[in-house]
Amino acid sequence: MLFRSRLLRLRRAHPVLVSGDLTDLAADNDVIRFVRSDGERRFIVLMNLAEQERTVAVNMGVIAACTEVQREGESVSQTAKLAPAEAMMIEASAGIYDCNN
């Protein structure tokens, strides 16, 4: 399934991705990040625009969608490594809300 199709499926399944608060927007070291949350669910979106791998501080959670499909379902804790041009959406574990570790 294409990345775009997987994102649309997630969007239909999780209203927070449509109407949740958009916060923690940042661009640093060629990585764009933002958070969608509604008090119950929290998704962290990361996009690596660099031509090199980047390591980003993140919440504990699970990769819900990724341009590298084999990474979907992978647990992350403290950091996430993104390959060049990789994008991912992480569903943060319940009760963990600090996006700026």
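Let me start right at a side chain: a polar atom of Asn48 sits 3.2 Å from the backbone oxygen of Leu82. The same side chain, Asn48, also has a polar atom 2.9 Å from the backbone oxygen of Ala83. Before I go on, please keep in mind that this is a predicted model.

So where is Asn48? You'll find it in strand E3, which covers residues 42-48. Is Asn48 buried or exposed? It counts as buried, because its relative accessible area is 2%, and the cut-off for buried is under 20%. Its contacts, leaving out neighbours within four places in sequence, are Asp30, Val31, Glu53, Arg54, Leu82, Ala83, Pro84, Ala85 and Glu86. One distance for those of you who like to click along: from the C-alpha of Asn48 to that of Ala27, 21 residues away in the chain, is 9.7 Å.

Now pick Glu86 from that contact list. Glu86 is in the loop that runs between E5 and strand E6, with E6 spanning 87-92. What does the side chain of Glu86 reach? It reaches the backbone nitrogen of Ala83, at 2.6 Å. So Ala83 has its backbone oxygen 2.9 Å from a polar side-chain atom of Asn48, and its backbone nitrogen 2.6 Å from the side chain of Glu86. That's a nice little spot to zoom in on.

Glu86 carries a charge by our counting, yet it is buried, with a relative accessible area of 2%. Who is around it? Beyond its neighbours within four places in sequence, Glu86 is in contact with Leu46, Met47, Asn48, Cys66, Thr67, Glu68, Arg71 and Lys81.

Lys81 is our next stop, and it belongs to strand E5, residues 75-82. Lys81 is partly exposed, since its relative accessibility is 48%. Setting aside residues up to four places away in sequence, Lys81 touches Glu53, Arg54, Thr55, Arg71, Glu86 and Met88. If you compare the lists, Arg71 turns up for Lys81 and for Glu86, while Glu53 and Arg54 turn up for Lys81 and for Asn48. Looking further afield, the C-alpha atoms of Lys81 and Thr23 are 21 Å apart, with their positions 58 residues apart along the chain.

Next, backbone torsions. Most residues other than glycine have a negative phi. Which residues go the other way here? One of them is Asn29, with a positive phi of about 55° although it is not a glycine. Asn29 is in the loop between strand E1 (21-28) and strand E2 (31-37), and it is partly exposed, at 48% relative accessibility. Another is Gln78, whose phi is positive and near 75°. Gln78 is located within strand E5, and this residue counts as exposed because its relative accessibility is 58%.

Gln78 also gives us a long ruler: its C-alpha is 27 Å from that of Leu8, 70 residues away along the chain. Leu8 is in helix H1 and is partly exposed, at 38% relative accessibility. In the same helix, H1, which covers residues 3-13, we have Arg6. Is Arg6 buried or exposed? Arg6 is buried, with a relative accessible area of 6%. Its C-alpha is 9.2 Å from that of Ala64, 58 residues away in sequence.

Let me finish with the whole chain. There are two helices and six strands, and from the N terminus the order is α-α-β-β-β-β-β-β. The C-alpha atoms fill a box of roughly 35 × 30 × 20 Å along the principal axes. What about the radius of gyration? It is 12 Å, which agrees with a compact globule, because for 101 residues such a globule would come out near 13 Å.

Some totals for your notebooks. Buried residues make up 37% of the 101. Of the contacts between residues at least 6 apart in sequence, 51% join residues at least 24 apart. The chain exposes about 5,900 Å², with carbon and sulfur atoms supplying 51% of that area. Finally, the charges: there are 12 positive and 14 negative side chains, and the centres of the two sets lie 6 Å apart.

Note on methods
Residues numbered from 1 in each chain as written. Predicted model: local features only at pLDDT ≥ 70, side-chain atom pairs only at ≥ 80, totals over all residues. Heavy atoms only, no water. Helix = DSSP H or I, 4+ residues; strand = E, 2+ residues; numbered from the N terminus. Buried < 20%, exposed > 50% of the residue type's maximum accessible area, 1.4 Å probe, protein only. Contact = heavy atoms within 4.5 Å. Polar contact = N/O pair within 3.5 Å; in protein donor to acceptor, adjacent residues only side chain to side chain. Rg over C-alpha atoms; globule rule 2.2 N^0.38 Å. Areas by Shrake-Rupley, 256 points an atom, 1.4 Å probe, with all protein chains shown as cover. Charge placed at Lys NZ, Arg CZ, Asp CG, Glu CD.
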